[in-house]
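Let's walk through this one together, starting with charged pairs and working through to the cores and the odd backbone angles. Keep the viewer open as you read.

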Amino acid sequence: MYTFGLEEDRQAFISFVESSNGSFMQWPMWASVKSNWTPLLYSGRRDGALVLTCLVLTRKIPVSGTLWYIPNGFVCDYTDEHLVEQFCVFLKGEMKARGAFACVMPGKLFSEVVRRLPDDDVEINLEEANE
């Protein structure tokens, strides 16, 4: 059973990203580099232990609503399909509740999903997809 929500313990968030070999763009400090973006720190827990972190940068777009940007995807074990699926469902609800009209999520999540496809179905260069 997973629980998801906004993470209040910033240091726990940072420590999880570090210990999971996350990117510097998945750290809360990355938000200060992106002007006009507001950070949301989401986490997932199983039995109280942190198993997922997700930095969401939000930006208000006139008329459209709020755009979400998740640099380099979530920090988690992407082989745990149940975790990833449940978190995506949770995020969809959060986006609706917060008036988000779109979410941009390049990097790790995309490449991990592509890696799960049979080789004959993959028609892209994975190195290019991560740039």
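A salt bridge here is a side-chain nitrogen of Lys or Arg within 4 Å of a carboxyl oxygen of Asp or Glu. Before we use that, some housekeeping. This is a predicted model, so local features need pLDDT of at least 70 and side-chain atom pairs count only at pLDDT 80 or more, while totals for chains, interfaces and linings use all residues. Residues are numbered from 1 along each chain as its sequence is written, and side-chain values use heavy atoms, with hydrogens and water left out.

First, the general layout. The protein has four helices and six strands, where helices (H or I, at least four residues) and strands (E, at least two) are DSSP runs numbered from the N terminus. Along the sequence they come in the pattern β-α-β-β-β-β-α-β-α-α. Of the 131 residues, 40% are buried; buried means under 20% relative accessible area, exposed over 50%, and partly exposed in between, with a 1.4 Å probe and protein chains only. About 7,900 Å² is exposed, and carbon and sulfur atoms supply 53% of that, with areas taken from the Shrake-Rupley method and a 1.4 Å probe, where for residues only the protein chains shown count as cover. Contacts (heavy atoms within 4.5 Å) reach well along the chain: among those with a separation of 6 or more, 58% are between residues 24 or more positions apart.

Now back to the charges. Side chains of opposite charge can pair when their charged atoms come close. The salt bridge count comes to three. Take Arg-45 and Glu-7, whose closest N and O atoms are 3.0 Å apart. Arg-45 sits in strand E2 and Glu-7 in the loop between E1 and helix H1 (10-19), so this pair ties together parts that are 38 residues apart in sequence. Arg-45 is partly exposed at 24% relative accessible area, whereas Glu-7 is buried at 12%.

Next along E2, Arg-46 forms a salt bridge with Asp-80, with the closest N and O atoms at 3.3 Å. This one also links distant parts of the chain, since Asp-80 is in the loop between E5 and H2 and Arg-46 is in E2, 34 residues away. Asp-80 is buried, with a relative accessible area of 17%, and Arg-46 counts as partly exposed at 34%. Not counting residues up to four places away in sequence, Asp-80 touches Tyr-2 and Arg-46. The remaining bridge joins Arg-98 to Glu-94, again with the closest N and O atoms 3.3 Å apart. Here Arg-98 is partly exposed at 37% and Glu-94 is buried at 17%.

What about the interior? A nonpolar core is a set of buried Ala, Val, Leu, Ile, Met, Phe, Trp, Tyr and Cys residues joined through side-chain atoms within 4.5 Å. The largest has 20 residues, and Tyr-42, Cys-54, Trp-68, Phe-74, Phe-87 and Leu-91 have the most contacts inside it. Strand E1 (2-6), E2, E3 and H2 each supply at least two of its residues, and the largest share, six residues, comes from H2. Leu-91 gives you a good view of the packing: leaving aside neighbours within four places in sequence, Leu-91 is in contact with Tyr-42, Cys-54, Trp-68, Ile-70 and Phe-74. A second, separate core of 14 residues includes Phe-16, Leu-41, Tyr-69 and Val-75.

Then there are the aromatics. Rings of Phe, Tyr and Trp (its six-membered ring) pair if their centres lie within 6.5 Å; planes under 30 degrees apart count as stacked, over 60 as edge-to-face and the rest as tilted. That gives 10 aromatic pairs. Tyr-42 and Phe-90 have ring centres 5.7 Å apart and planes at 75°, so they are edge-to-face. Because Tyr-42 lies in strand E2 (38-46) and Phe-90 in helix H2 (81-97), the pair ties together parts 48 residues apart in sequence. Tyr-42 is buried at 0% relative accessibility. Ring pairs also link a cluster whose members include Tyr-2, Phe-4, Tyr-42, Trp-68 and Phe-90.

Finally, the backbone. Most residues other than glycine have a negative phi, and most peptide bonds are trans. Which residues have a positive phi although they are not glycine? Val-63 does, at about 75°, and so does Asn-72, at about 60°. Val-63 is in the loop between E3 (49-61) and E4 (65-69) and is exposed, at 90% relative accessibility. Asn-72 is in the loop between E4 and E5 (75-76).
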